Amino acid sequence: MSEQRSPEGGRYEDDLAQALPEYAERVLDVAELIPAGRVMTYGDVAEWLEQGGPRQVGRVMALYGGAAPWWRVVRADGVLLPGHEQRALGHYRAEGTPLKEASRAAEGHLPRIDMRRARWDGGDRAEGHT
DNA sequence: AGCGTGACGAGTA
DNA sequence: ATACTCGCCACGC
């Protein structure tokens, strides 16, 4: 069976290409829930959704992250998003996100997020989930 | 269909 | 702290 038609008349593939994929919407929703001053890793978001993996979440953020607080979804090692370090840093300083200053041995290095303190598990709302 | 690539992550050396 | 390996999975060529 090919050439299946969607209710709107277009081919399903076309609809999927233009509408924000539901998965992407779910990812952005979670990003919106992260409190200021806290972060969630790509993997955490995927786990929380019980769907996809870190790389899928990363893909979504890369494509549609601009519409969400993208700086609150970070790598597990706390490294700032390459190419957006200054913007991210500005947000972290403004929100009071826990940072680990670069050691003087590594001079030119930017601070990294202190994941132990900044990581947010979904805390308050974890109850309603599972 | 195979293969490289990526806003990833964990493990090992 | 750095480097490299694997596992992961959606995409594009």
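**Protein surface at DNA strand C**

A base oxygen of DNA strand C lies 3.4 Å from an N or O atom in the side chain of glutamine 56, a polar contact being a pair of N or O atoms within 3.5 Å. This is a predicted model, in which local features need pLDDT of at least 70, side-chain atom pairs count only at pLDDT 80 or more, and totals for chains, interfaces and linings use all residues. Side-chain values use heavy atoms, with hydrogens and water left out.

Arginine 59 also reaches a base: an N or O atom of its side chain is 3.1 Å from a base nitrogen of DNA strand C. Arginine 112, by contrast, places a polar side-chain atom 3.4 Å from a phosphate oxygen of the strand. Together with Arg55 and His109, these residues surround DNA strand C; a residue is near the strand if one of its heavy atoms lies within 4 Å of it. This surface has no nonpolar, 2 polar and 3 charged residues. Of the strand's atoms within 4 Å of the protein, 56% belong to sugar or phosphate, and the rest to bases.

Helix α4 (residues 54–64) contributes the most to this surface, with 3 residues. The axes of α4 and helix α2 (residues 22–33) come within 10 Å and cross at roughly 85 degrees. The two helices are therefore roughly perpendicular, a description covering angles of 65 to 115 degrees. Where they meet, Tyr23, Ala24, Val27 and Leu28 of α2 face Gln56, Val57, Val60, Met61 and Tyr64 of α4, contact meaning heavy atoms within 4.5 Å. By class, this contact has 8 nonpolar, 1 polar and no charged residues.

How values were computed:
Residues are numbered from 1 along each chain as its sequence is written. Chains are lettered from A and ligands numbered from 1 in the order in which they are written. A polar contact is a pair of N or O atoms within 3.5 Å; within protein, one must be able to donate a hydrogen and the other to accept it, and residues adjacent in sequence count only if both atoms are side-chain atoms. Helices (H or I, at least four residues) and strands (E, at least two) are DSSP runs, numbered from the N terminus. Ala, Val, Leu, Ile, Met, Phe, Trp, Tyr, Cys and Pro count as nonpolar, Asp, Glu, Lys and Arg as charged, and the others, Gly among them, as polar. Axes are lines fitted to C-alpha atoms, for helices over the stretch in contact, and angles run from 0 to 180 degrees between N-to-C directions. Angles under 35 degrees count as roughly parallel, over 145 as roughly antiparallel, 65 to 115 as roughly perpendicular and the rest as oblique.
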